[in-house]
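I opened the file today to look up the nonpolar cores and then the sheets, and I note below what I found.

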Amino acid sequence: MTFYPGKLSAIAVLSTISMMTFADYVDTDLIHTSNMSDVGFSLYGDGATLSGSTYQFPSSGHYCSVKILKGDFKAGEVVTIRLNEEEAQDNGLALRLLTWGIGQYKGYGGRIGQAELIGALPFDVSTISVGFCRYHNSEFGSFDLSEFSVQHTKEVVKAESIEGEHTEQIPVYPSCREYAREEDGQVVIVDDSEPRSLQELFTDGTIQPGATVYLRRYEATLSLHSGHKNFLDENSPWVTIIGENNATIESIKLSGVKNIRFTGLNITQEKSGYLVSTYGTENIIFDHNHISGGDDFDSWDAQKWQQIASGMMFRRGKCSTAYRNELENLRMGIQAYVRDNDMNPEVQSLKALVKHNLIKNISGDFMRPVGSDITIDGNIGLDHYVSISDGDSNHDDFIQGFAYPLGTEFNNVRITNNFYQSSTDISRPYQSEGQGVVIFDGLYTNFMIENNTVISDHWHGITVYWGKDGVIKNNTVMALDDTTGRYMWIQSEKDKSGKYNPENVVVTNNVANRFRLNANTVGRDNVTVNRVEVADHLVEFSPYELTFDAALKEDSLYYRESAGSSLTSVEKSLDEILK
């Protein structure tokens, strides 16, 4: 299954869609040169050098030379990369194409010695990385490249109308109300011809329950609350707000309202606080949106990283969904949170689903499940920024849970199929060694932590203090760089006070650098790979390039088919959530 942020939602609400038939092609050279120094390739790693068209890779490892291209590339278009055929074969080179769109990623890798790689874009793409790689460098010396080309083929098409509806089912937490659009509901177009703001259209009653709103321009903050009485009925039809033409909203604040879906929007503002915040809401969906604290993050200093906006806060509501959004350049990522003077089970039950989101460039915590009945599934977290050494006192976490006040007990939290890599760029400033999945404070019961991969430079890969009736299984946690001397461990231990042991916690079929299991914890069939052994026993573990596949090699003495996570690299994780 392929999804199209900001476009799939629009397709889903039309009763007539267009089927494209090819009419003509237009070829454009993005790169065509015989002087590689003019291209501006980037080449990283000890012993890796570039001089004009001449390359020298170190004797071991896997290295790539890449060029980043920005543009407006559409789904169905084709990118072709070519090298001189003889040079590709003689030097054992493999071509590579990586494509990025809003919330989407796809990588293409050619065979070693293959001189041409063709990739058809499965979705709209804003960034392309093209280049060539070499494996098994000990077999080759330095080499020259005489030519390199990248061609963009655009398909000119004509549309033929066909009947039918094309839709993607938006998932919600079990027992929550499923999304459904009114077939004959009101349609409101908000573009430059509409003098009223989106806020005014809600406030003056123009937008009613059951409406589909197409937003096609920039808007300031949208704030909906108990004063908007038409949107307080849990049985009223859904309102759908669809962003088109790069529609942008600075922030969205919701309190007490129900049954609203936001999709295809660009939600961004350079400020502190949450760009999306909800309180006491019910049946709220955010899907296929781009949420950002700003685009110029390359220029931010450590102080700025601590003052930027945070992403999404679902607070004390019911049935909140964050699905297939891209969040980047933020303080915090996504939180589902509850705190109340009367922390009874009904108040604590949030029924929140955080699924298949891509979260990048975070200076605090990527996700926080602070409540009961929360599922965090299939998300990807990349690149933690600023640490204690940069003046940031926050201990950075990929996923952090805590239960306050003392005595609070959260139930039924599931953390499954997530991937985290604390850094993907060894050259960038403000590196931070984030912790993985951690629950240090309070009691979590009936929890599941399964099939997650954590690659970082901290001690805590997965740590639960004082868990009860929980399972930690089929996870992989590894230290990113073995020069730190740190081990990434999986730990089940007493609470901080030392009074309460874990109860009925099972830790099984995991792979980690170390295990720290309280005597009350059941541990079985786990695999320990010492941090200094990872290069010999994992499929790929290249700290200098920050490229990893943390699966156990089949010829490793540690190998067991059922051990560890199946999502052992960025590529495998993205393929899983985008299929």
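I looked first at the largest nonpolar core, which has 78 residues, and found that Ile207 and Phe286 touch the most other members; a nonpolar core here is a set of buried Ala, Val, Leu, Ile, Met, Phe, Trp, Tyr and Cys residues joined through side-chain atoms within 4.5 Å, and buried means under 20% relative accessible area with a 1.4 Å probe, protein chains only. Another core, of 31 residues, lies apart from it and includes Leu69, Leu93, Leu97 and Leu145.

This is a predicted model, in which local features need pLDDT of at least 70 and side-chain atom pairs count only at pLDDT 80 or more, while totals for chains, interfaces and linings use all residues. Residues are numbered from 1 along each chain as its sequence is written, and side-chain values use heavy atoms, with hydrogens and water left out.

I then turned to the sheets, where strands are DSSP runs (E, at least two residues) numbered from the N terminus, and two strands pair if DSSP finds at least two bridges between them. One open sheet has 12 strands in the order 15-18-21-24-27-30-33-37-41-44-47-50, with parallel pairing. Strand 15 (218-219) and strand 50 (527-528) stand at its edges with a single partner strand each, so one side of each has no neighbour in the sheet. Within this sheet I noted that 3 bridges join strand 33 (residues 380-384) to strand 37 (residues 419-421), and that glycine 381 stands opposite tyrosine 420 in strand 37.

I also recorded an open sheet of 11 strands, again with parallel pairing, in the order 16-19-22-25-28-31-34-38-42-45-48. Its edge strands are strand 16 (222-224) and strand 48 (514-517).

Conventions: Buried < 20%, exposed > 50% of the residue type's maximum accessible area, 1.4 Å probe, protein only. Helix = DSSP H or I, 4+ residues; strand = E, 2+ residues; numbered from the N terminus.
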